[in-house]
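Subject: Handing over the structure

Hi there,

Here is the structure I promised to pass on to you. Have a look at it first, and then read on for what I found.

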Amino acid sequence: MTDTTDTNEQIKALKHEIAELSGLVLATGVLLTQLLQSNLKRELNPWNAATKMMADARSAIEAFNPETTGERDPAMKQRALDALTQYETQLRSVLPT
């Protein structure tokens, strides 16, 4: 029989770990977006540079095969593509028109 106190403690620890990881992901995403925005603003044609950067990133993500790396969750790849779309929107929102 499972000890419910032990199970509840494990669930609590996992929720805390998820919250910490989510915070790290958020900070990483914000910093990455700001860095990319700064770099793109320096380009002669920032819109073309952003298009190339996003296309290269999308190709790299689509070429990633989770089955060969031990990852079995196809949602990971889809989430990466969704995040790329989100970053693209944020990047382009500050580029000069």
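A term to start with: a salt bridge is a side-chain nitrogen of Lys or Arg within 4 Å of a carboxyl oxygen of Asp or Glu. Please also keep in mind that this is a predicted model.

With that term in hand, here is one example. The side chains of R58 and E88 meet in a salt bridge, with 3.6 Å from N to O. R58 belongs to helix α2 and E88 to helix α3, so this pair ties together parts that lie 30 residues apart in sequence. R58 is partly exposed, at a relative accessible area of 25%, while E88 counts as buried at 18% relative accessibility.

**The overall layout**

Let me step back to the whole chain. The protein chain has three helices and zero strands, and along the sequence it reads α-α-α. Of its 97 residues, 19% count as buried. If you take the contacts in the chain with a separation of 6 or more, residues 24 or more positions apart account for 60% of them.

**The other salt bridges**

How many salt bridges does the structure hold? There are three, and the pair of R58 and E88 is one of them.

Another joins R92 to E88, where the closest N and O atoms are 3.2 Å apart. Both residues sit in helix α3, and because they are four residues apart, about one helical turn separates them. R92 counts as buried, with 17% relative accessibility. Through shared partners, the salt bridges link R58, E88 and R92 into one network.

There is also a salt bridge between K52 and D56, whose closest N and O atoms are 2.8 Å apart. These two residues both lie in helix α2, four residues apart, which is about one turn of the helix. Is K52 buried or exposed? At 53% relative accessibility, K52 counts as exposed, whereas D56 counts as partly exposed at 41%.

As general background, side chains of opposite charge can pair when their charged atoms come close.

**How α2 and α3 pack**

Next, take a look at the two helices that R58 and E88 connect. Helix α2 covers residues 46–63 and helix α3 covers residues 74–92; their axes come within 10 Å and cross at roughly 175°. That crossing makes α2 roughly antiparallel to α3, because angles over 145 degrees count as roughly antiparallel.

Which residues make this contact? On the α2 side they are W47, A50, T51, M54, A57, R58, I61 and E62. On the α3 side they are K77, A80, L81, L84, T85, E88, L91 and R92. Sorted by character, the residues of this contact divide into nine nonpolar, two polar and five charged.

R92 is worth selecting in your viewer. Leaving out residues up to four places away in sequence, R92 touches W47, A50 and T51.

**The nonpolar core**

In soluble globular proteins, nonpolar side chains tend to be buried together. Here, the largest nonpolar core has 10 residues: L36, L40, A49, A50, M54, I61, L81, L84, L91 and L95. The elements that give two or more residues to this core are α1, spanning 4–41, together with α2 and α3. Which element gives the most? That is α2, with four residues.

L95, one of the core residues, is another good one to click on. Not counting residues up to four places away in sequence, L95 touches L40, K41, P46, W47 and A50.

**Where K41 meets the far end of the sequence numbering**

K41 lies in helix α1. What does K41 contact, once its neighbours within four places in sequence are set aside? It is in contact with V94 and L95. K41 and V94 are 53 residues apart in sequence, yet their C-alpha atoms are 8.5 Å apart in space.

If you would like a route through the model, try the network of R58, E88 and R92, then the contact of α2 with α3, and then the 10 residues of the largest nonpolar core.

Happy exploring, and do write back with any questions.

Best wishes

Notes: Residues numbered from 1 in each chain as written. Predicted model: local features only at pLDDT ≥ 70, side-chain atom pairs only at ≥ 80, totals over all residues. Heavy atoms only, no water. Axes fitted to C-alpha atoms, helices over the stretch in contact; angles between N-to-C directions. Parallel < 35°, antiparallel > 145°, perpendicular 65-115°, else oblique. Contact = heavy atoms within 4.5 Å. Nonpolar A, V, L, I, M, F, W, Y, C, P; charged D, E, K, R; others polar. Buried < 20%, exposed > 50% of the residue type's maximum accessible area, 1.4 Å probe, protein only. Core = buried A, V, L, I, M, F, W, Y, C linked by side-chain atoms within 4.5 Å.
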